[in-house]
Amino acid sequence: MPFELSSDYRPSGDQHQAIEKLVRSLDAGNGHQTLLGVTGSGKTFTMANLIQRVNKPTLIMSHNKTLAAQLYSEFRNFFPNNAVEYFVSYFDYYQPEAYIPRSDTYIEKDSSINDEIERLRLSTMGSLLTRDDTIVIASVSCIYGLGSPDDYQNMMYPLRVGDTIGRDPFLVQLCDLMFERNDIAFGRGKFRVRGDVVEVHPAYLEQTAVRVEFFGDEVERISAIDSLTGTVMERVDDYIFFPAKQFATPADKLKRAMQTIQQELTARVETLESQKKLLEAQRIKMRTDYDLEMMREMGFCQGIENYSRHITGREPGARPYTLLDFFPKDYLLLVDESHVTIPQIGGMYEGDKSRKTVLVDHGFRLPSALDNRPLKFSEFMQMTGQRVYVSATPGAFELVNSRPDNKKFIDVKTRPEQVGYVNRKKLGIKASGADDPLDSFAVSKPGFPLVVEQIIRPTGLLDPLIHLRELKGQIDETIELCRQRVARGERALVTTLTKKTAEDLSEYLQKTGLKVRYIHADIDTVERVEILRQLRAGSCDVLVGINLLREGLDLPEVSLVCILDADKEGFLRNDTSLIQTAGRAARHVNGECYLFCDTVTDSIQALLNITAKRREKQLAHNEAHGITPRSVVRGIQESLQMETPKYGVEDDENTARVAEDGGVYDADAVMAQLEKQMREASAKLEFELAAHLRDQIKALKEGTGSLAAPPLPVKRKR
């Protein structure tokens, strides 16, 4: 069925022209196009309209699972009648297998799988194989190895009312699909039997099971039922049963794989012994023999993904199967925050390879384990056809490749942050002519601009005013500027260059009477969210940071951004960083940005130029349409931090209390309660809270769980 966009909004501002230009470009068959949309211009709504117009299965990639969860929620609202799926890493906790030769330390793989995300991943795979109206919101984990789509599809089992099949053969078929029989604890991926009635809970459904009723050797009735109460919800004529696991492999393939694994093991042992690496030879033999025994007896083993090349029958060095293989050939790729996501995709392969090479060299894994890997960047590009890069600050890769004369992608080695806006002429990006006045960075091919700007904000808000100040006296002036904003009930951000500077400046500002917090990479993830919440709620007025105060932060109360040492050219002060940081004040009608510098660098000049151009364009639009700018209004996120009472464990309906240092508490009871809360948080896609709970559990297991600071998250008070 076609994609049906459901929304009370209509394209406004720059959205209409951006949609039209991108649709024309995609219809012309262009492989690369870029949507340069400023903060607050409605890029997500533009993407939704693009999907509706192009009408192709779509993959939307994001650089982290939290942002992916936000997009998933938005697109489910936009497309309620289509299949909108969510595909991210399904681990609540993941410690990869590793070996450190210097200290002779082997770190065993440790992980905790999130059942809810696994269900969503299975739902994604099923939708892609059975529906054409599928939108998948995915993190970069979608380029990692997955089971073969052919094997998965071949194992799908369709069943119709009237089919001639006995109950027992049907049960055997369910076992082949990796369902487990459990007549007591009925849950996802399990089935139960009551006489001639078989109830199956598909792994990708949350609260719905399938009841199959037999009359002799004939399927008499198929019903969708409530998995908890058993109430019949719907009668159906047929149903397709999907495998209960992501890595589905037929028995004959697994048997053949064990033979080739044994052959590789024999060759590897001979190689290591010829190199006088007797310890490594003995180690790999013992470990692999144990894995083979587990596969023979149980059908799987710990770390079975390391044998994926043998199981899927791929040649050495061949790319793995990934989620991209489940898409049809003609699908659309939207890369959100592409200036971050594209480099992340390119960096996955080398990091994985370096870790596994050490394991192979020291006899912990067979060389074939290197083929269980993420895609190389060139492989990723070969598996994607038409791409739309979405960012307020697109990088060099996007700009170079979004040219009409480009038939093959150019792998830009220079970091996007070091190229950016000021070097567009060197990259060959041409400014548009009179035929296309709205695209100052559009390519010159008539009718098909591949770099499309979306500058106009529907709210009428302008880019923040940019002010330049001397370095001398920057701290004193920052204090005065912050005091003025606080007096008006507004908030301020201050960016420095180092963690130590951020901490020292925060301490100094606190002595002046300002309510100040600092935030950087050493701050716990959940505590970061709490600090941002406190800033919005008014518990603190000024936030000092380094590089975290950039894309993804939605702080409508912030009207002032102060960038200290703005002329120290580099990663933290290039044009991309300056534009993204200044944009944090773009959601407030009084937004201003102060840059403290003695020289105007190329990056600062780029910020001044782009801001002046955008303000002029927005002002003209506001005057022409009688729009009065208004600040963004958004509810404050509920706190992730919870109180930590003083003594003992209290099993209350609303709270869970843990002792401070020196208190007496039952560690096992606490860990059980924390694990339950961790799973509940993960099921709600609250990954920061789940990660913090995971860290607390780990600390208790290691005997270091004083739980003194930061406070232990527990159940929210209603």
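1. Cavities. By the rule used here, the count comes to two cavities of 30 Å³ or more. Keep in mind that this is a predicted model. The idea behind such a search is simple: rolling a probe the size of a water molecule over the atoms shows where empty space is left.

2. The largest cavity. How big is the volume of the largest cavity? It is about 110 Å³. The lining of this cavity is made by 16 residues. Closest to its centre are Thr-39, Asp-463, Ile-579, Gly-583 and Arg-614. Two elements each give two or more residues to this lining: helix H18 (575-582) and helix H19 (602-625). By class, the lining of the largest cavity holds seven nonpolar, five polar and four charged residues.

3. The second largest cavity. Here the space is about 40 Å³. Ten is the number to look for in its lining: of those 10 residues, Thr-495, Leu-572, Arg-573, Ser-577 and Thr-581 are the closest to the centre. Which element gives the largest share of this lining? H18 does, with three residues. By class, the lining of the second largest cavity has four nonpolar, four polar and two charged residues. Note that H18 thus appears twice: it gives two or more residues to the lining of the largest cavity, and it gives the largest share to the lining of the second largest cavity.

4. H18 against H19. Now look at how these two helices pack. Their axes are 8 Å apart, and the angle is about 45°. That makes H18 oblique to H19, because an angle from 35 up to 65 degrees is neither roughly parallel nor roughly perpendicular. The crossing of H18 and H19 is right-handed.

5. The H18 and H19 contact. From H18, the contact uses Asp-575, Leu-578, Ile-579 and Ala-582. From H19, it uses Ser-603, Ile-604, Ala-606, Leu-607, Ile-610 and Arg-614. These residues divide into seven nonpolar, one polar and two charged. Two names deserve a second look. Ile-579 and Arg-614 take part in this contact, and both are also among the residues closest to the centre of the largest cavity.

6. The second largest pocket. Turn next to an open space. The second largest pocket holds about 360 Å³. It is lined by 17 residues. Nearest its centre lie Tyr-72, Arg-76, Val-84, Glu-85 and Leu-120. Three elements give two or more residues to the lining: helix H3 (65-78), strand S3 (83-87) and helix H4 (115-130). Which of them gives the most? H4 does, with five residues. By class, the lining of the second largest pocket has eight nonpolar, four polar and five charged residues.

7. H15 against H16. A second helix pair is worth checking. The axes of helix H15 (residues 474-487) and helix H16 (residues 499-511) come within 11 Å. They cross at roughly 55°. H15 and H16 are therefore oblique to each other. H15 passes H16 in a right-handed crossing.

8. The H15 and H16 contact. Which residues of H15 meet H16? They are Ile-475, Asp-476 and Ile-479. On the H16 side, the partners are Leu-505, Tyr-508 and Leu-509. By class, this contact has five nonpolar residues, no polar residues and one charged residue.

Key: Residues are numbered from 1 along each chain as its sequence is written. This is a predicted model: local features need pLDDT of at least 70, side-chain atom pairs count only at pLDDT 80 or more; totals for chains, interfaces and linings use all residues. Side-chain values use heavy atoms; hydrogens and water are left out. On a 1 Å grid over the protein atoms alone, a cavity is a set of points where a 1.4 Å probe fits but cannot get out, and a pocket is an open set with protein on both sides within 12 Å along at least five of seven lines; lining residues have an atom within 4 Å of a point. Grid points are joined across faces, edges and corners, and a volume is the space filled by probe spheres set on the points. Helices (H or I, at least four residues) and strands (E, at least two) are DSSP runs, numbered from the N terminus. Ala, Val, Leu, Ile, Met, Phe, Trp, Tyr, Cys and Pro count as nonpolar, Asp, Glu, Lys and Arg as charged, and the others, Gly among them, as polar. Axes are lines fitted to C-alpha atoms, for helices over the stretch in contact, and angles run from 0 to 180 degrees between N-to-C directions. Angles under 35 degrees count as roughly parallel, over 145 as roughly antiparallel, 65 to 115 as roughly perpendicular and the rest as oblique. A crossing is left-handed if the near helix is turned anticlockwise from the far one by less than a right angle, and right-handed if clockwise. Contact means heavy atoms within 4.5 Å.
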